[in-house]
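Student: I have some time at my desk before the next incubation ends. Could we go through this structure together, one question at a time?

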Number of protein chains: 2
Amino acid sequence: MDTINKYSDIIEQAVKSLQLPADRLPGLYEPIAYGLDTGGKRLRPVLALIACQASCGTPDPAIPAALAVEMFHNFTLLHDDVMDNSDTRRGKPSVQKKWDVSTAILSGDTLATLATQVLCRLPDPCLRKALECFNKSAIEVYEGQQLDMEFEKRSDVSLSEYLEMIRLKTSVLLGCAAKLGALAGAATDMEADLWYAYGEALGLAFQIQDDWLDVYGDPATFGKPIGGDILNDKKTFLMLSALAGPNAEMMKQAMAMPASEEKIKTVRRIYDDSGIPQACHNAIEKYTDQAVKALDNLNIAPGLYELLVSLARNLANRTK
Amino acid sequence: MDTINKYSDIIEQAVKSLQLPADRLPGLYEPIAYGLDTGGKRLRPVLALIACQASCGTPDPAIPAALAVEMFHNFTLLHDDVMDNSDTRRGKPSVQKKWDVSTAILSGDTLATLATQVLCRLPDPCLRKALECFNKSAIEVYEGQQLDMEFEKRSDVSLSEYLEMIRLKTSVLLGCAAKLGALAGAATDMEADLWYAYGEALGLAFQIQDDWLDVYGDPATFGKPIGGDILNDKKTFLMLSALAGPNAEMMKQAMAMPASEEKIKTVRRIYDDSGIPQACHNAIEKYTDQAVKALDNLNIAPGLYELLVSLARNLANRTK
């Protein structure tokens with residue numbers, strides 16, 4: 001059976017081979033290299049490579065698409081950290097903190113265009129379709145970020161609005177990555193759309209698990225303090241589920257508490273009493289099943305199929 | 001003879017027909033519509049349309065390219081105004097002032113992707129070449145902005161470094177606009193490159209004229225206070241020419257003066273004594289001649305040729 005590492009190694013190699021002209025203009029390109037050196041999972045580009053492997057027997061044709069999606073994703077993080085005024089990213093200082101706001105904006109812009117430039121390495125038969133999916137997904141990611149910012153100022157966000165927001169902000173890019181990989185592997189349009197459905201459902205499961213981990217994660221492995229979303233009154237699947245349930249009033253009172261360990265405990269108790277962990281589990285399972293169902297409609301070699309199913313199941317059961 | 005207005009009308013029409021979903025997500029799309037409603041000259045897209053008209057007898061095939069370049073240009077203004085902390089743009093509040101920094105960043109990002117999306121309306125035969133030129137020019141524009149910001153902190157900027165900066169920040173996009181228009185009009189690669197040379201040289205002449213107008217413009221028609229660059233110690237063709245001339249020491253002393261009408265007068269006197277207006281005139285003429293020379297190597301119908309020459313000459317002699 002293939003391993004995820006085989007594919008993430010290809011990505012690391014491709015990122016290294018980008019040859020950014022950092023010597024010529026370090027003020028612009030060093031922050032880009034810093035932003036791309038994530039130590040992250042490279043989930044999106046790995047999806048692109050696997051979809052290509054499954055479609056044509058080799059991941060190589062999808063390398064431009066995989067790299068483009070990873071670059072685009074990292075560009076959005078550079079700008080998100082300015083908009084959210086975040087000082088850290090994956091345990092390191094964010095670009096806007098390590099350099100400054102202007103650098104994060106301009107290096108981000110450059111990284112976004114570099115991503116499109118890399119995507120354009122795809123050959124003619126699939127370039128136009130790849131660009132259509134890539135541009136559409138990019139716009140949806142911006143719309144998701146806009147909704148996320150607007151939700152901060154609203155007290156009446158519904159669970160379905162929230163799900164649409166995370167679909168836009170997170171899931172469509174996973175769907176796009178998988179679809180682009182399939183297109184690069186000469187998949188049919190129908191197959192490419194099934195790959196999109198797999199990535200999109202995976203992304204929803206992933207984000208809900210992320211919300212769950214913030215409250216119920218293991219502090220030893222989670223990598224950041226537990227309860228951060230509660231302290232920041234962040235709209236999450238958990239909060240909005242509680243607000244839509246029988247303990248809504250209690251939840252509102254808890255949200256009015258000042259940030260403290262006591263607040264985290266209180267909210268967690270309400271979540272426990274309201275069956276929120278089970279609701280998370282059910283939603284994650286629903287989207288994971290959706291992802292697997294999309295796979296089942298594709299004709300994927302057994303080894304790869306297992307890898308993709310375990311990718312979905314593992315994401316939904318991860319502890320960090 | 002054709003008129004510029006004929007072409008700028010096509011652009012206004014195309015901008016209006018964009019159908020941004022401002023009803024659905026006003027927080028993201030209203031700032032974009034605001035940023036695109038410039039009342040400006042639409043110089044870049046007009047160039048694209050004229051190059052197309054000259055190449056194939058109609059401007060229509062270049063509309064996606066023209067629109068894309070105009071949208072890209074306006075995206076850069078949204079972000080530049082954040083980086084430069086500018087509160088006004090063309091006499092109106094900038095997006096970052098009227099809304100906020102996050103809005104200017106995210107609406108700018110969206111506008112940039114929308115620009116690429118519109119460019120992708122070009123048909124296959126020229127799409128790849130158009131994207132190559134567009135992406136390359138975009139990266140150069142960012143590099144120009146980076147250099148511009150770095151120059152603010154340096155006291156040893158040379159005139160040739162300055163010219164390279166304005167080439168990147170301003171001229172390449174005019175070159176790109178003209179080249180994309182030609183490509184859309186099925187011009188050969190060699191013709192397209194001559195159109196690029198025309199636009200690029202025009203851009204250099206335009207920017208030096210802009211620097212000149214800030215000091216010697218007619219307050220009645222210039223639209224902003226005369227001497228702004230002097231008060232802000234902004235590196236311009238005039239300042240760097242003076243610093244490279246015999247009155248460099250006097251110029252340095254004048255630059256050390258506090259911002260005042262007296263400072264403007266003093267600097268202008270040094271410019272006058274150093275022959276700077278003539279140096280501007282010579283440089284503008286040099287680049288205008290370069291632009292016309294590129295035209296002369298193209299086989300352009302007489303009426304259009306005259307329009308393009310007068311466009312170059314008028315830009316170089318404008319008073320606002």
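Student: Happy to start with a single residue. Leaving aside neighbours within four places in sequence, which residues is Asp148(B) in contact with?

Tutor: Good place to begin, and please keep in mind that this is a predicted model. Asp148(B) is found in helix H7 of chain B, residues 124-152. Once its neighbours within four places in sequence are left aside, the contacts of Asp148(B) are Met165(B), Lys169(B) and Lys234(B).

Student: Which side chain does the side chain of Asp148(B) make a polar contact with?

Tutor: Lys169(B) and Lys234(B) are both among the residues in contact with Asp148(B). The polar contact between side chains has a distance of 2.7 Å, and the partner of Asp148(B) is Lys169(B).

Student: Does Asp148(B) count as buried or exposed?

Tutor: Here a cut-off helps: buried means under 20% relative accessible area. Asp148(B) has 12% relative accessibility, so Asp148(B) counts as buried.

Student: Let's turn to the two chains. How many residues does the contact take from chain A and from chain B?

Tutor: Chain A and chain B bury about 3200 Å² between them, with 62% of that on carbon and sulfur atoms. In chain A, the residues that lose the most area to chain B are Leu106(A), Arg128(A) and Tyr142(A), together 19% of what that side buries. As for the residues in the contact, there are 36 from chain A and 36 from chain B.

Student: How many salt bridges are there between chain A and chain B?

Tutor: One salt bridge to look at joins the side chains of Asp124(A) and Arg128(B), at 2.9 Å from N to O. Across the interface there are also 14 residue pairs in polar contact, both residues being at pLDDT 80 or more. For salt bridges between chain A and chain B, the count is 4.

Student: Which element gives the largest share of the side of chain A that touches chain B?

Tutor: The elements that give two or more residues to that side are helix H2 (26-36), helix H4 (63-83), helix H6 (101-119) and helix H7 (124-152) of chain A. By class, the side of chain A that touches chain B has 19 nonpolar, 10 polar and 7 charged residues. The largest share, 15 residues, comes from H7(A).

Student: What is the relation between the two copies?

Tutor: Chain A is superposed on chain B by a rotation of 180° with 0.0 Å of shift along the axis, at an RMSD of 0.0 Å. The same surface serves both copies, as 100% of the contact residues of chain A recur in chain B. A rotation of this kind is the relation of a two-fold axis.

Student: Which element of chain A do the buried residues of H2(B) pack against?

Tutor: Helix H2 of chain B spans residues 26-36, and its buried residues include Leu28(B), Tyr29(B), Pro31(B) and Ile32(B). Within chain B, they pack against helix H1 (4-16), helix H4 (63-83), strand S2 (92-93), helix H5 (95-98) and helix H6 (101-119). From chain A, the element they pack against is H7.

Student: Back to charges, then. How many residues apart in sequence are the parts that Glu12(A) and Arg42(A) tie together?

Tutor: Glu12(A) forms a salt bridge with Arg42(A), and their closest N and O atoms are 2.7 Å apart. Glu12(A) lies in helix H1 (residues 4-16) of chain A, while Arg42(A) is in the loop between H2 and helix H3 (43-56), so the pair ties together parts that are 30 residues apart in sequence.

Student: Which residue is linked with Glu12(A) and Arg42(A) in a network of salt bridges?

Tutor: Glu12(A) is partly exposed, with a relative accessible area of 26%. Arg42(A), by contrast, is buried at 3%. The residue that is linked with both in the network is Glu70(A).

Student: One more pair: is Asp81(A), which forms a salt bridge with Arg89(A), buried or exposed?

Tutor: The closest N and O atoms of Arg89(A) and Asp81(A) are 2.8 Å apart. Arg89(A) is partly exposed, with a relative accessible area of 28%. With a relative accessible area of 3%, Asp81(A) is buried.

Student: And how many salt bridges are there over all chains?

Tutor: The pair Glu12(B) and Arg42(B) is one of the salt bridges, with closest N and O atoms 2.7 Å apart. Over all chains, the count of salt bridges comes to 36.

Note on methods:
Residues are numbered from 1 along each chain as its sequence is written. Chains are lettered from A and ligands numbered from 1 in the order in which they are written. This is a predicted model: local features need pLDDT of at least 70, side-chain atom pairs count only at pLDDT 80 or more; totals for chains, interfaces and linings use all residues. Side-chain values use heavy atoms; hydrogens and water are left out. Contact means heavy atoms within 4.5 Å. Buried area is the accessible area (1.4 Å probe) that two parts lose on being put together, summed over both. A polar contact is a pair of N or O atoms within 3.5 Å; within protein, one must be able to donate a hydrogen and the other to accept it, and residues adjacent in sequence count only if both atoms are side-chain atoms. Helices (H or I, at least four residues) and strands (E, at least two) are DSSP runs, numbered from the N terminus. Ala, Val, Leu, Ile, Met, Phe, Trp, Tyr, Cys and Pro count as nonpolar, Asp, Glu, Lys and Arg as charged, and the others, Gly among them, as polar. Buried means under 20% relative accessible area, exposed over 50%, partly exposed in between (1.4 Å probe, protein chains only). Copies are superposed by least squares on the C-alpha atoms of residues with pLDDT of at least 70 in both.
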